[in-house]
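Reader: I am a first-year student, and I should be grateful for a close look at a single part of the structure shown here.

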Amino acid sequence: NLGLRRLCCRRTLLASQGFEKARAEGAKRMHRLQVSVLALVAAILPLLGCQAHWRLTKPVPRSGGVYENDPLPAHANTEEAWVCRHAHPNPDVERPVIAAGSATGIVYGTGAIGHAGDCSVYISYDTARPRRTMRWVKIANLPDCRSQVNEEVHIDVPSVLPAGEAVLRWDQYALHQVANDPPFIEWFIQCADIVISSSSTRSWESFNSFSIIDNSGVPVYPSSVSSYRSPYNPNQVAPGSSEFWMTGPACVDDSHNQCALTAAGTKGYTGFGGEGSLTPPAATTFGPYLTPTPTTPSPSPTETTLALYPTFAPTQAPSSSGGDAMCCYDAGCISYGTSFCSAVGTWCSGSAEACASCGGTLCVESAESAPVSVPTSPPPTPSPTSAPEGGDQCCYASGCSSYGTASCNAAGSWCSESAEACTRCGGTLCSGVSALFEERARRQKFLRRQG
């Protein structure tokens with residue numbers, strides 16, 4: 001019996017040791033598998049991200065067609081690489097001939113997908129200038145351009161472009177990072193050297209051209225994320241959405257290549273480009289820049305009648321150059337033509353007195369091409385009431401996060417009296433409570449991300 005018990009104990013011990021050894025070997029194999037999976041994921045993720053990076057492939061850019069898919073940094077909109085990544089033409093790349101007045105095709109891609117955002121196409125004849133001082137005109141808008149990745153996109157080449165050697169510039173502002181904290185924009189840019197054939201007799205100097213990065217210190221694209229649409233807003237996802245808009249300068253011809261999206265006076269127009277002799281685009285109907293109808297509405301019994309605009313008769317804003325007046329906030333007339341101003345044709349931009357009641361400065365283009373303010377005469381309205389402390393304010397640019405700053409109309413002003421009035425002025429009505437809530441939410445989001 002004793003021998004039998006010893007034999008059983010020995011077998012039990014060996015079985016236990018075998019189990020522990022097997023379990024240890026299994027744990028090692030599982031660890032090696034986990035490491036392998038993590039390594040595989042780490043290797044794949046960057047590749048997936050790169051699949052959304054792209055470049056211009058037709059016409060062949062100055063890079064010669066090699067990999068140049070990585071974006072430029074968000075702060076690069078004042079650097080020469082933001083104009084063209086390469087300072088000089090590539091002698092190994094043949095210049096294609098593009099005929100003015102005809103259609104041509106461009107291709108961008110190489111990745112399987114693209115980031116949300118919009119593309120544009122520019123032309124410059126300043127082939128001998130440094131990139132900083134090159135002058136450009138825009139010829140095409142390509143909204144939601146990732147929908148045409150790796151496809152030939154046809155654009156109309158304006159017939160007014162003169163013949164000669166030129167540079168074609170393609171860019172995209174990618175908006176997939178606008179929900180980050182902090183938010184930022186990625187930039188994809190390439191330049192290609194081309195030859196334009198044309199029968200146009202117009203000189204290059206006669207165009208309303210601009211610098212990409214330095215217009216008296218101002219780049220053609222704003223740095224603020226609030227100056228661009230949000231791809232996460234279902235009303236701004238793609239053309240056809242109720243509030244879709246593009247940001248950028250105006251084109252040579254607003255009637256082609258979806259250029260009406262950035263025509264002078266539209267929400268995303270940045271104050272550069274455009275040709276005053278061309279037919280103005282149809283008025284946009286989306287976003288906060290709705291032009292009030294001149295007729296008095298007839299409200300139905302179930303509707304609430306909105307407060308009418310102040311009834312004083314303002315004087316017409318003078319303009320020494322025929323430019324359109326815009327009511328500008330925050331930085332004053334230096335922001336003329338940007339989203340810091342009420343659009344041309346809105347009530348606030350109708351006169352100096354109306355703009356003053358909205359809390360802004362009415363600005364027009366001067367003969368020296370620098371916007372100037374229009375003198376304001378006191379409106380013959382009843383004396384204004386004092387602005388209540390902490391009352392509602394109509395805010396622009398950064399929305400309610402700018403509550404209490406120069407980017408908002410003062411509490412008690414006409415634009416700040418109601419949400420309807422603020423919408424007509426082109427802003428968002430904010431209260432101290434909403435601004436505080438927004439700031440707290442932003443800080444909590446930041447703290448969660450830090451944790």
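With which residue does the side chain of Lys58 meet in a salt bridge? Please explain the setting of that pair in some detail.

Author: The model before you is a predicted one. In it, the side chain of Lys58 meets the side chain of Glu152 in a salt bridge, at 2.4 Å from N to O. The two partners belong to distant parts of the chain: Lys58 lies in strand 1, residues 55-58, while Glu152 lies in strand 6, residues 152-156, and 94 residues separate them. As for their surroundings, Lys58 has a relative accessibility of 37% and therefore counts as partly exposed. Glu152, at 40% relative accessibility, also counts as partly exposed, because that class covers values between 20% and 50%.

This pair is part of a wider set, for the structure holds 10 salt bridges. Another of them joins Glu80 to Arg131, with the closest N and O atoms 3.6 Å apart. Glu80 is found in the loop between strand 1 and strand 2 (97-99), and Arg131 in the loop between strand 4 (117-124) and strand 5 (137-142), so this salt bridge ties together parts that are 51 residues apart in sequence. Here the partners fall into separate classes of exposure: Glu80 is partly exposed, with a relative accessible area of 27%, whereas Arg131 is buried, with a relative accessible area of 15%. Arg131 is placed in the buried class because its value is under 20%.

The loop between strand 1 and strand 2 also contains Arg95, whose partner Glu165 is in strand 7, residues 164-174; these two residues are 70 apart. The side chains of Arg95 and Glu165 meet in a salt bridge at 3.8 Å, N to O. Arg95 has a relative accessible area of 24% and is partly exposed; Glu165, with 45%, is partly exposed as well.

For contrast, one may turn to a buried arginine. Arg229 lies in the loop between strand 8 (186-197) and strand 9 (248-250), and its relative accessible area is 2%, so the residue is buried. The side chain of Arg229 makes a polar contact with the side chain of Asp118 at 2.9 Å. The same side chain reaches the backbone oxygen of Gln236 at 2.8 Å. Beyond its neighbours within four places in sequence, Arg229 is in contact with several other residues, among them Gly117, Asp144, Leu175, Phe244 and Trp245.

These details belong to a protein with four helices and 16 strands. Of its 451 residues, 43% are buried. Links across the sequence are also seen in the contacts as a whole: among those between residues at least 6 apart in sequence, 69% join residues at least 24 apart. The accessible surface comes to about 23,200 Å², and carbon and sulfur atoms account for 57% of that area.

A word on confidence is needed. The mean pLDDT of the protein is 73, and 61% of its residues reach 70 or more. Over residues 378-389, the pLDDT is below 50, and this stretch has seven contacts in the model beyond near neighbours in sequence. Residues 37-52 likewise stay under 50, with seven contacts beyond four places in sequence. Where pLDDT is low, the predicted coordinates should not be read in detail.

Conventions:
Residues numbered from 1 in each chain as written. Predicted model: local features only at pLDDT ≥ 70, side-chain atom pairs only at ≥ 80, totals over all residues. Heavy atoms only, no water. Buried < 20%, exposed > 50% of the residue type's maximum accessible area, 1.4 Å probe, protein only. Contact = heavy atoms within 4.5 Å. Areas by Shrake-Rupley, 256 points an atom, 1.4 Å probe, with all protein chains shown as cover. pLDDT = per-residue confidence, 0-100. Salt bridge = Lys/Arg side-chain N within 4 Å of Asp/Glu carboxyl O. Polar contact = N/O pair within 3.5 Å; in protein donor to acceptor, adjacent residues only side chain to side chain.
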